[in-house]
Amino acid sequence: MNSDLETWYSGLSEGQRVIAQQLRILIHDQEAQMREQIKWGRPCFTLRSLVCYIQTAKGHVALGFGRGAELCDPLKLLKGHGRQMRHVKIPIAGHVDREGLVGLIQAAIELDRNKL
């Protein structure tokens, strides 16, 4: 992990850091070639383009998807109404739905691989 990433993760509250690290591991477990760097003040994960990102707020951590509006979301985890981006909010005291998130991450990776 480079120093920008270390600084970002170390600046989180304990609750945020636990969830962010779980998300980070889930993302890297799905695609070994995933690049992680700080963009727009948050960790962004890219292959050909932005696949997903981690963002924090006082009471939650969000896993966002650059092309989230195009993802199939049978568990209705995604929130947001923008043209492209969607996110999943994980409350600090909440549970990380690993299975649901893995499905979304894999679908986002597949979208990125098939990008025209």
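Begin by selecting β3 (50-56) and β4 (60-65), two strands that form a hairpin with 3 residues between them. Strands here are DSSP runs of E with at least two residues, helices are runs of H or I with at least four residues, and both are numbered from the N terminus. Before going further, note that this is a predicted model, in which local features need pLDDT of at least 70 and side-chain atom pairs count only at pLDDT 80 or more, while totals for chains, interfaces and linings use all residues. Residues are numbered from 1 along each chain as its sequence is written, and side-chain values use heavy atoms, with hydrogens and water left out.

**The sheet**

Keep the hairpin selected and look at the pairing: β3 and β4 run antiparallel and are joined by 5 bridges, where two strands count as paired if DSSP finds at least two bridges between them. One position to label is C52, whose bridge partner in β4 is F65.

Now add the other strands, and you will have an open sheet of 5 strands in the order β1-β2-β3-β4-β5, with antiparallel pairing. At the edges stand β1 (35-39) and β5 (86-91), each with a single partner strand, so one side of each is left without a neighbour in the sheet. From one strand to the next the twist averages 20°; angles of this kind run from 0 to 180 degrees between N-to-C directions, with axes that are lines fitted to C-alpha atoms, for helices over the stretch in contact.

At one edge, select β1 together with β2 (residues 42-46), an antiparallel pair joined by 5 bridges. Within this pair, E36 has F45 in β2 as its bridge partner.

At the other edge, β4 and β5 pair in the antiparallel sense over 6 bridges. Label H60 to find its bridge partner P91 in β5, and then label F65, which stands opposite R86 in β5.

**The faces of β4 and β5**

Show the side chains of β4 next. In a regular strand the side chains alternate between the two faces of the sheet. Here H60, A62 and G64 point one way from β4, whereas V61, L63 and F65 point the other way, and all are buried, a word that means under 20% relative accessible area, with exposed meaning over 50% and partly exposed lying in between (1.4 Å probe, protein chains only). Because 6 of the 6 residues of β4 are buried, this strand is largely enclosed by the rest of the structure.

Move across to β5, where R86, V88 and I90 make up a covered face, while H87, K89 and P91 make up an uncovered one.

**The helices on the sheet**

Select helix α2 (residues 14-30), which lies across β1, β2, β3, β4 and β5 and runs at about 170° to β3. Then select α3 (98-113), a helix that packs on the sheet and touches β3, β4 and β5, with a direction that makes about 30° with that of β4; contact means heavy atoms within 4.5 Å.

**The loops**

In the loop between β1 and β2, click on W40. Its phi is near 55°, a positive value in a residue other than glycine, and W40 is exposed, with a relative accessible area of 61%.

In the loop between β4 and β5, click on K76, which has a positive phi of about 55° although it is not a glycine. K76 counts as exposed at 62% relative accessibility. P74 lies in the loop between β4 and β5 too, and P74 is exposed, with a relative accessible area of 66%. Draw a distance from P74 to G103: they are 29 residues apart in sequence and 9.7 Å apart in space, C-alpha to C-alpha.

**The cavity**

Rolling a probe the size of a water molecule over the atoms shows where empty space is left. A cavity is a set of points, on a 1 Å grid over the protein atoms alone, where a 1.4 Å probe fits but cannot get out, and its lining residues have an atom within 4 Å of a point. By this rule the count comes to 1 cavity of 30 Å³ or more, and about 40 Å³ of space lies in the largest cavity.

To see the lining of the largest cavity, select L50, V51, F65, G66, R67, L71, A108, L111 and D112. The elements that give two or more residues to this lining are β3 and α3, and α3 gives the most, with 3 residues.

Note on methods
On a 1 Å grid over the protein atoms alone, a cavity is a set of points where a 1.4 Å probe fits but cannot get out, and a pocket is an open set with protein on both sides within 12 Å along at least five of seven lines; lining residues have an atom within 4 Å of a point. Grid points are joined across faces, edges and corners, and a volume is the space filled by probe spheres set on the points.
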